[in-house]
Amino acid sequence: LTANKELTSDRTWIIKGYGYVPNGVTLTIKPGTRIISDVVEKGALIIERGGKIDANGTAAQPIVFTSGKAAGSRTPGDWGGIVILGKARTNRSSTPLIEGGIDRPYGGTDDADNSGTLRYVRIEYAGVVAFANSEINALTLGGVGSGTTIEYIQTSYANDDAYEFFGGKVNCKYLIASYTADDDFDFDFGYTGKIQYA
């Protein structure tokens with residue numbers, strides 16, 4: 001993206017390849033919106049440092065990220081997943097780059113950094129391996145600060161981890177991980193936030 005964008009529930013949106021929300025840009029996603037991945041060019045959504053996502057679903061109208069394949073033929077790893085990168089501290093001595101072939105920097109010194117909101121969001125059939133020991137998880141959080149809101153999230157059929165935290169101080173509530181191929185919850189590089197109801 002090069003400017004703020006809003007995704008609405010009156011249509012289905014397709015992510016083709018890696019989509020980036022850069023510094024100074026906000027992606028807003030309205031309740032009930034459905035986002036699918038291109039089948040050939042597997043999609044992933046990356047919120048870079050200084051970018052924001054405002055995805056506020058509701059219990060009755062969750063925001064759904066899923067495979068672009070037809071129901072009944074979807075499998076884990078049909079697309080990448082969601083990656084949020086912030087400016088909060090890690091325990092690395094230099095600025096790390098996020099894995100999964102993305103190679104964007106994350107972390108910093110602002111533990112209260114705000115990357116936006118994920119609320120009432122389902123993430124299904126995500127998780128791709130870029131190369132050995134370098135994957136995109138259903139939800140990857142790199143250096144995400146405590147100003148970010150993440151709650152009422154459900155991941156299903158992730159091909160790698162459901163949730164992976166690389167440093168940061170974001171506090172999360174109500175996280176569901178179901179049918180995960182690898183770890184439900186994975187923590188690296190000095191994550192210092194709090195998680196309740198997982």
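## A tyrosine on the strand β16 side

Tyr174 sits at 31% relative accessibility, so it counts as partly exposed. Keep in mind that this is a predicted model. Tyr174 belongs to one aromatic cluster together with Tyr120, Tyr152 and Tyr197.

## The stacked tyrosines

If you search the whole structure for aromatic pairs, you end up with 12. One of them is Tyr120 with Tyr152, a stacked pair with 4.3 Å from centre to centre and 10° between the planes. This pair links distant parts of the chain, with Tyr120 coming from strand β10 (residues 116–124) and Tyr152 from strand β14 (residues 149–156), 32 residues apart. Tyr120 has 24% relative accessibility, so it goes down as partly exposed. Tyr152 gets the label partly exposed too, because its relative accessibility is 30%.

Tyr152 also stacks with Tyr174: here the centres are 4.5 Å apart and the planes differ by 5°. Again the pair links distant parts of the chain, with Tyr152 in strand β14 and Tyr174 in strand β16 (residues 172–178), 22 residues apart.

## A buried threonine in β14

Strand β14 also holds Thr155. Is Thr155 buried or exposed? Its relative accessible area is 0%, and the cut-off for buried is under 20%, so Thr155 is buried.

What does Thr155 touch, once residues up to four places away in sequence are set aside? The list runs to Ile123, Ala138, Ala162, Tyr163, Ile176, Ala177 and Ser178. Ile123 falls within the residue range of strand β10, while Ile176, Ala177 and Ser178 fall within that of β16.

## An arginine over a ring

Away from the tyrosine cluster, there's a charge-over-ring arrangement to look at. Arg104 lies over the face of Tyr20, at 4.0 Å from the ring centre.

## The largest pocket

Now for the empty space. The largest pocket comes out at a volume of about 220 Å³. It has 13 lining residues, and the ones closest to the pocket centre are Leu1, Leu7, Ile15, Leu27 and Leu45.

Which strands supply at least two residues each to this lining? Those are β1 (5–7), β2 (12–15) and β3 (18–21). As for chemistry, the lining divides into 11 nonpolar residues, 1 polar and 1 charged.

Note on methods: Residues are numbered from 1 along each chain as its sequence is written. This is a predicted model: local features need pLDDT of at least 70, side-chain atom pairs count only at pLDDT 80 or more; totals for chains, interfaces and linings use all residues. Side-chain values use heavy atoms; hydrogens and water are left out. Rings of Phe, Tyr and Trp (its six-membered ring) pair if their centres lie within 6.5 Å; planes under 30 degrees apart count as stacked, over 60 as edge-to-face and the rest as tilted. Helices (H or I, at least four residues) and strands (E, at least two) are DSSP runs, numbered from the N terminus. Buried means under 20% relative accessible area, exposed over 50%, partly exposed in between (1.4 Å probe, protein chains only). A charge sits over a ring if NZ of Lys or CZ of Arg is within 6 Å of the ring centre and within 35 degrees of the ring normal. On a 1 Å grid over the protein atoms alone, a cavity is a set of points where a 1.4 Å probe fits but cannot get out, and a pocket is an open set with protein on both sides within 12 Å along at least five of seven lines; lining residues have an atom within 4 Å of a point. Grid points are joined across faces, edges and corners, and a volume is the space filled by probe spheres set on the points. Ala, Val, Leu, Ile, Met, Phe, Trp, Tyr, Cys and Pro count as nonpolar, Asp, Glu, Lys and Arg as charged, and the others, Gly among them, as polar. Contact means heavy atoms within 4.5 Å.
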